[in-house]
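Please find below a colleague's note for someone opening this entry for the first time. The points follow after the display and may be read in order.

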Amino acid sequence: MDADTTVTLTDPMDFKVEELLKEVHFARTPAITKLVDDTVSAIRKSISKIPDAFPVTADLAPGFVRDIGADKVEFKFNKPKTFKIGGSYSINCVVKPAVNVDLFVGLPKECFHEKDYLNHRYHAKRCLYLCVIKKHLKSSPSFDKVEWSAMQNEARKPVLVVYPAVKSVEAPGFFVRIIPTAASLFNIAKLNLKRNNVRAFNQDGIPRATPKYNSSILEDMFLEDNAEYVEKTISRWKELGEALILLKVWARQRSSIYVHDCLNGYLISILLSYLVSLDKINNSMKALQILRVVLDFIATSKLWNRGLYFPPKGQIGVSKEEKLQYKEAFPVVICDPSAQVNLAFRMTSVGFCELQDEAASTLQCMDKCGDGGFEETFLTKIDFPAKYDYCVRLNLRGHTEVHALGFCLDDECWRLYEQKVHSLLNQGLVDRAKSIRVTWRNSPSEWNIENGLAVLDREPLLVGISVSSLEKLFRIVDIGPNAEKKEEALRFRKFWGEKAELRRFKDGTIAESTVWESEQWTRHLILKGIIEYVLLRHLSLSKENVVQIVDQLDFSLLHGAKDLVSFSASLLEAFEVLSKRLHLIEDIPLKISSVQPLDSAFRFTSVFPPEPHPLANERHTVSRLHKLTPSCIQPLEVMIQLEGSGNWPMDHVAIEKTKSAFLIKIGESLQNRWGMTCSATEDDADIFMSGYAFRLKILHERGLSLVKSENGNKAKRVYSTDKMLFIRGQHASMINGLQGRYPVFGPVVRVAKRWAASHLFSACLVEEAVELLVAYLFLKPLPFNVPCSRVTGFLRFLRLLAEYDWTFSALVIDINNDFGPEDFKLINDNFVSSRKASEENVQNVNPALFLATAYDKASEAWTTCSPNFTELKRLVAYARSSANLLTKLILEDQTDSCRWECLFRTPLNNYDAVVLLHRQRLPYPRRLLFPSEVNRGRHVARVNASKAFGPFLVPEEMKGSSEEVKNKMMVDFDPLRCFVGDVEKEYSNKLKLWYDSLGGDAIGLTWERVGSKKREREEAPEEETDSIGVLKAVGELGKGFVRDIYFLKAPRLMS
Amino acid sequence: MGSAEKKQRKKKPNLKKRKNSQLSETDENLITVKEDNEQNKPSGKKKIKREKGNSFDVRDVQDNSNKAAKEKKRNKSKKKLRREEKSNATPIDEVGEHGDDADNSNENLVAGASQVKKEIENPGRPVGKSKKARKKKKKDRGSLMKDEELEENTRDADEDDVYMISSGDEHCSKGMKKWVTEYHQSRPGLKVLQQRIDEFITAHEAKLEQERKEREARAAEGGWTVVVHHKGRKKTTDAESGIAVGSVAQAAVEDKMAKKKKKDVGLDFYRFQRREAKRNEIMLLQSKFEQDRKRIQQLRAARKFKPY
């Protein structure tokens, strides 16, 4: 009740933030406090039982000690100097779902020698110390399990993760991290950035400075002090803590910045403290404002160039020389309050650029997106698969090259390898890539530290690449250095090897270059080729260990071995000619004034654009027909308009008849003048030309106004033929424009359409709706960039479908970005009124998927009838599971290499009954992705295949005159459509059909829920026999086409 | 699985009958199935390979493959048995019919057979399948084909009440034959279509003429008609020739209308208008605020604050 009153008073954004905080903040309830206290004291008790002066040798973790190359590691165990709870729990800023508490264990000075900062001795002893603790904790019953983890992915600094035996419902998965600290163990001067403390790290005998190694020790030495400082700062006022939580939520959603070489929770709190110390944040700010300040600071501050140093307290601050030293040693400097250690020593320049980018784009979201960018900032997951256009996985398991020079010197070998891969790719891709991100996580869940570090290469190394622009991406020739510049040319040759060619270019220059020959429809694979070439050439990897994601979905668009989109150019050419010829027609009463393409094949968004048919040419020789000549041809709709006339009849039927008459006249004219064949029915006229069938449609402008007067009542809006044609024309030109702007749009739409169809959603989601959904991704890409690969685009499409709030919001597709406030208001009014009409019954929401466009602000064109509420629910569920699967496929190795296909393979057990079709009776059998089989349920009927139709012309049919043979070619004949039509006519109240109009061989059936009481009284067995009867009748309707019918579930009754 | 197997066995006699009567049809089917498997062309192989990932459930598939691997081992020993079974299929049927309480060994036999069938369906399954095994299968294909046939048949003949439907080619009341016939009927050629349309138009015009005459007749009879004032432009076409006289494009009209509007008095001319505008604005803001509030409640209901 209280909340309600505050709602009316506060800004909605504040309220949302408040709710978010409530959701994610892991509050210290009494139960939680008790759990934490109990666990910590149990740990202390266990540790205190360890006998003092217990001798410790390398035998506890021989592998680890060997791999980090430490000598002289024996010591006598002493109890920890201090125990202290630190980290986010101490400042009450734990963010769910990662619920843990950091326990700082102060290493006692007695265990270390003065010179133990040398040669990883500290690291080895630190680890052995933990080994002792682990051994004792494991024997205690209060702990469920004790595992190893690494501090910020730094393998030489392991930490212990302790799960208490007592589980709490409030804190699922709760654990305590035991982190050793080393306050004042060593002389700080010895750990100066310029000093070498790892003797093995040298160049020709001259020792090199080890800044990272030194910082790694220094970090431990000041861990407690810094934690204390942060605690003191953050607890000064409440909003700081809240801002910290928000920042953490923000960062965690972005997996490219919340990693070891960029940001972590500790650094965020340091950064926040720093800004407080600079007085950039004051106590009148709200949490969200503080967040903005921090993001703005990250994105734009010039202070980064010289490093961040806390203002000195009294004494003299950091000297200029020291600052210079820091700057030289590290790309990013965030010095701790004591000015002794760069806490950002793990941060790379690439990581930092990424961080700045993300901060800037978030600020943009807050300004530009609806609802203050709340969703984009806090709720949208920006992980590698969705963010980067190209993802590559390198499987480096057992790849000894990684640690050939030793596991840890100044830096660790994995980090060096990351850098190596990055620089190779950077050099190979030149300006094609906007950014390249390489990360390699090295903490396997069950890590036995005793066995050493060789196992840390289990997880794949992940590369994410953002494309700079499509022109650059699709460029075929990369021009290298001029041949006259000998040195550079040599370096170029060395990098590219045999791929480098000396070429003379148009402007007369002779330069080194690389050429990536590629067909139009495989241009997206150029980058793949480069990556593969570069990595294989410079890293001793085998091809199967470089897993590229970009082409993994291409199989879904292939027809045989080819992508039919390669015929698009010839199709457009044919259309041009047709258009010209139509304009030239003189012998009809009204001239043709405009010709416009309607079919999706013209705008590159058709999954299967037609392939030229040998029989659909103006002239053809029968003898040239090859063996597998398809018997069907798919027509492409073209809209034409005639010049105005007052002589048109007024009534609807007569108008349609007149149109047909015109079409026949046009067909005859083309036939006489150009020898093009025309085939017509009472409704359609198909013109054959250059291997394609064009279906002409006449748009009669008067028809548009007719509708308005006829269908004035809003209740039932069924568009007339003319209105529908008009809208389709608008849609086609709009999408065509978009495809011109974003060439990747087409492929993404095609994959998305294929997905929807292969999950039997053809009846629910029309082509155009898919195009609009994908269009939205390109028009409103924030918080991402515009997708530049089909996989990324497809993943975002699935997530949009799965996560968008369809019940309460309209999706506005503003193609030209020209909607004003009135437009939005109009759309919103339409939306609200459509929702109001169905307020009483949520199930009847109409349209459930509200898509508003410039030509259709009330979402009446594509989604009025379907998907309905239940269909949408199913669609969303499928999209969610497909999105999750796709994410997994991109990020993780699958032992089974066939998992990609699962994205398009629908589980048939989700239906009440399944109809399987004769594969050889489908009009285009090569479009079938997977042959379906059903192994469960009851086999109800089996139908024999018809001989009346086959997908390919048989030799006998190809004999005879060309006229006769041409008549054998069937235009737009689709047995599936016929079957579905027949069944729906008969059983629309009993059955619902789910099918794949692109060429699947299975149809799912579900029983329509009938809630009549009469049926309730009937007994279940009777119900079953009844449904079996229906299924048999369905089989009868599909004679010759249907193969088998299986019965899985009886109709459920609604009470 | 057991009960299904049992049912399969029951069906044998039926199968025979069908084989005799509709031999040609079924055989054709079988051949196509075989072809699918036998043809070693890449596309076919790919297709079958894809078949593997059976459903979205990861565990499901893995389970299957594990099972397959295990069962395969068992299979080897059972192969002999199966051959025996094949040679005299009818006796086993009888066993199946009489001994309803699933004799264990018998059960296994059929399970083995169905396993083979599975393998035929998924020859590309890599899990737990070495190259050797694949080679071996090739060798065995001849015999396997027979097995498959047998299996296919048992499967066909699933239960007593599997309803057999003919191809429907003999008459065209339903199904494929009907659709094909309808297709061809709908395309009688341009000449015929032209004629039909002409007929329709003539009939239509005659009808209109008739109506007009009736109307006139009514008027002449001394009745009266309401005279409606026709607003707007004059006719744009010459009634005789049908030629456009002054046809105006829709866009042009809209353009004109847009220009016209400007002549109206500005919306903020009178003070009351300005006041109203302001009030409207405030109302709009208020309504927007209300909307936001509603939306938050919806969001809360949908638990839309969870970032993970």
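1. The accessible surface of chain B comes to about 21500 Å², and carbon and sulfur atoms account for 54% of that area. Please keep in mind throughout that this is a predicted model. Of the 308 residues in chain B, 31% are buried, the cut-off for that term being a relative accessible area under 20%.

2. As for secondary structure, chain B contains twelve helices and one strand. Where along the sequence does the strand of chain B fall? The pattern reads α-α-α-α-α-α-α-α-β-α-α-α-α, so that β is preceded by eight α elements and followed by four, as the pattern of chain B shows.3. The contacts of chain B deserve a separate remark: among those between residues at least 6 apart in sequence, 72% join residues that are at least 24 apart.

4. Turning to chain A, I would draw attention to a pair of helices, α24 (residues 745-758) and α25 (residues 767-779), whose axes lie 9 Å apart and which pack at an angle of about 130°. Since angles of 65 to 115 degrees count as roughly perpendicular and those over 145 as roughly antiparallel, α24(A) and α25(A) are therefore described as oblique to each other. The crossing of these two helices, α24(A) and α25(A), is right-handed.

5. Which residues make the contact between α24(A) and α25(A)? From α24(A) come A:Phe745, A:Val748, A:Val749, A:Ala752 and A:Lys753, while α25(A) contributes A:Glu767, A:Val770, A:Glu771, A:Val774, A:Ala775 and A:Phe778. Sorted by class, the contact of α24(A) with α25(A) comprises eight nonpolar and three charged residues, with no polar ones.

6. Is A:Thr362 buried or exposed? This residue sits in helix α13 (residues 349-368) of chain A, and A:Thr362 has a relative accessible area of 0%, so it counts as buried. Leaving aside residues up to four places away in sequence, A:Thr362 touches A:Trp250, A:Arg254, A:Leu295 and A:Thr377.

7. A second threonine, A:Thr400, is found in the loop of chain A between β10 (390-394) and α16 (413-429). With a relative accessibility of 55%, A:Thr400 counts as exposed, because the cut-off for that term is over 50%. The C-alpha atom of A:Thr400 is separated by 8.5 Å from that of A:Ala454, although these two residues are 54 residues apart along the chain.

Technical notes: Residues numbered from 1 in each chain as written. Chains lettered and ligands numbered in written order. Predicted model: local features only at pLDDT ≥ 70, side-chain atom pairs only at ≥ 80, totals over all residues. Heavy atoms only, no water. Buried < 20%, exposed > 50% of the residue type's maximum accessible area, 1.4 Å probe, protein only. Contact = heavy atoms within 4.5 Å. Areas by Shrake-Rupley, 256 points an atom, 1.4 Å probe, with all protein chains shown as cover. Axes fitted to C-alpha atoms, helices over the stretch in contact; angles between N-to-C directions. Parallel < 35°, antiparallel > 145°, perpendicular 65-115°, else oblique. Left-handed = near helix turned anticlockwise from the far one by under 90°. Nonpolar A, V, L, I, M, F, W, Y, C, P; charged D, E, K, R; others polar.
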